[in-house]
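Here is a quick tour for the bench, from the overall layout down to single side chains. Have the model open and click along as you read.

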Amino acid sequence: EPKPVMAPAIPEAASLKIHDQQVLSPVLSSVSIGAEKSVGEPPPLLKSVKSVAEKPAADKRDNKTINTDLIQAAEAQLALGHTYLKEQKDREAIKAFKESIKLNPNVAETYYGLGFSNFRLGRFKDAADAFRKAINLSPRMAKAHYGLSLSYQELNNTSGVLEEYKILESLDKTLAKKLEQTFPQYNFSCR
């Protein structure tokens, strides 16, 4: 198991926590399904997650109702994952995000959270894989491109960092500028 990352390889950031707040603030402020509760009090939808996921195939309810229940259970797991992210409980967050993916594998935000949690734990390849999946589902998700560029930096993939920078320039100038400041050694503006 890789050793948890205590601070990113970012010269300007005093600690990972400060960096997390800058990158995650749009994500964490958008969570609304019960994430405002403490982890000790799971969102109301979580109470039915297991029962929904374990319903027998011969359930007499119509497929639309079952699909709605699965989507709600996936949303509840996503919200729980974000709650764990806020509390820096990354291993628990990963479990919640993976459960959400099992229930609904088509939500880019879930893969973004999975990538971010893996990044903080120093699992940079897993982080990059998750960020790429988020991007496949939502190509204009700038924060996923930013996370992927940070992962590429940790994996010593210079061409990947440069490619993500070019994409960020067209998607989100603020994150592109942040990447320039984070990695001045690349001289992005001269390329």
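**Loops, helices and what holds them together**

Let's start at a turn in the path: Gln-88 sits in the loop that runs between α3 and α4. Keep in mind that this is a predicted model. In that model the chain has nine helices and zero strands, and the notes below go from the loops to the overall layout, the core and the charged pairs.

**Two loop residues with unusual backbones**

- Gln-88 isn't a glycine, yet its phi is positive, at about 55°.
- With a relative accessibility of 41%, Gln-88 falls in the partly exposed class, because that class runs from 20% to 50%.
- Asn-156 is another non-glycine with a positive phi, this one about 60°.
- You'll find Asn-156 in the loop between α7 and α8.
- Asn-156 has 69% relative accessibility, so it counts as exposed, the cut-off being over 50%.

**The chain as a whole**

- Walk along the sequence and the pattern reads α-α-α-α-α-α-α-α-α.
- The chain has 191 residues, and 49% of them are buried.
- Take the contacts with a separation of 6 or more: 60% of them are between residues 24 or more positions apart.
- About 10,200 Å² of the chain is exposed, and 51% of that comes from carbon and sulfur atoms.

**The nonpolar core**

- The largest nonpolar core contains 40 residues, and the ones with the most contacts inside it are Tyr-112, Ala-134, Leu-168, Leu-179 and Phe-188.
- Two or more core residues come from each of α3 (63-86), α4, α5, α6, α7 (142-154), α8 (158-171) and α9 (173-182).
- The top contributor is α6, which gives seven residues to this core.
- As background, nonpolar side chains in soluble globular proteins tend to be buried together.

**Helix α8 and Leu-168**

- Helix α8 has 14 residues, so at 1.5 Å a residue it should span 20 Å, and its end C-alpha atoms are indeed 20 Å apart.
- Which residues of α8 are buried? They are Gly-160, Val-161, Leu-162, Glu-164, Tyr-165 and Leu-168.
- The cover over those buried α8 residues includes α6, α7 and α9.
- Leaving aside residues up to four places away in sequence, Leu-168 touches Ala-142, His-145, Tyr-146, Lys-173, Leu-175, Ala-176 and Leu-179.

**His-145, a buried histidine**

- His-145 belongs to helix α7.
- The relative accessibility of His-145 is 4%, so it counts as buried, the cut-off being under 20%.
- A polar atom of the His-145 side chain lies 2.8 Å from the backbone oxygen of Pro-139.
- Beyond residues up to four places away in sequence, His-145 touches Ile-135, Pro-139, Glu-164, Ile-167, Leu-168 and Leu-171.

**Salt bridges**

- The count of salt bridges comes to seven.
- In one of them, Arg-120 pairs with Asp-90, with the closest N and O atoms 2.7 Å apart.
- That pair links distant parts of the chain, since Arg-120 is in helix α5 (residues 108-120) and Asp-90 is in helix α4 (residues 90-103), 30 residues apart.
- Are Arg-120 and Asp-90 buried or exposed? Arg-120 is buried at 5% relative accessible area, and Asp-90 is buried at 8%.
- Glu-99 and Lys-102 make another salt bridge, their closest N and O atoms being 3.8 Å apart.
- Both Glu-99 and Lys-102 are in helix α4, three residues apart, or about one turn of the helix.
- Glu-99 is partly exposed at 24% relative accessibility, while Lys-102 is exposed at 66%.
- Lys-125 and Asp-129 also meet in a salt bridge, 3.2 Å from N to O.
- Lys-125 and Asp-129 are four residues apart in helix α6 (residues 124-137), so about one helical turn separates them.
- In general, an α-helix has 3.6 residues a turn, so residues three or four places apart point the same way.
- Lys-125 counts as exposed at 54% relative accessibility, and Asp-129 as partly exposed at 23%.
- A network of salt bridges links Lys-125, Asp-129 and Arg-132.

Terms used
Residues are numbered from 1 along each chain as its sequence is written. This is a predicted model: local features need pLDDT of at least 70, side-chain atom pairs count only at pLDDT 80 or more; totals for chains, interfaces and linings use all residues. Side-chain values use heavy atoms; hydrogens and water are left out. A salt bridge is a side-chain nitrogen of Lys or Arg within 4 Å of a carboxyl oxygen of Asp or Glu. Buried means under 20% relative accessible area, exposed over 50%, partly exposed in between (1.4 Å probe, protein chains only). A nonpolar core is a set of buried Ala, Val, Leu, Ile, Met, Phe, Trp, Tyr and Cys residues joined through side-chain atoms within 4.5 Å. Contact means heavy atoms within 4.5 Å. Accessible areas come from the Shrake-Rupley method with a 1.4 Å probe; for residues, only the protein chains shown count as cover. The expected span of a helix is 1.5 Å times one less than its number of residues. A polar contact is a pair of N or O atoms within 3.5 Å; within protein, one must be able to donate a hydrogen and the other to accept it, and residues adjacent in sequence count only if both atoms are side-chain atoms.
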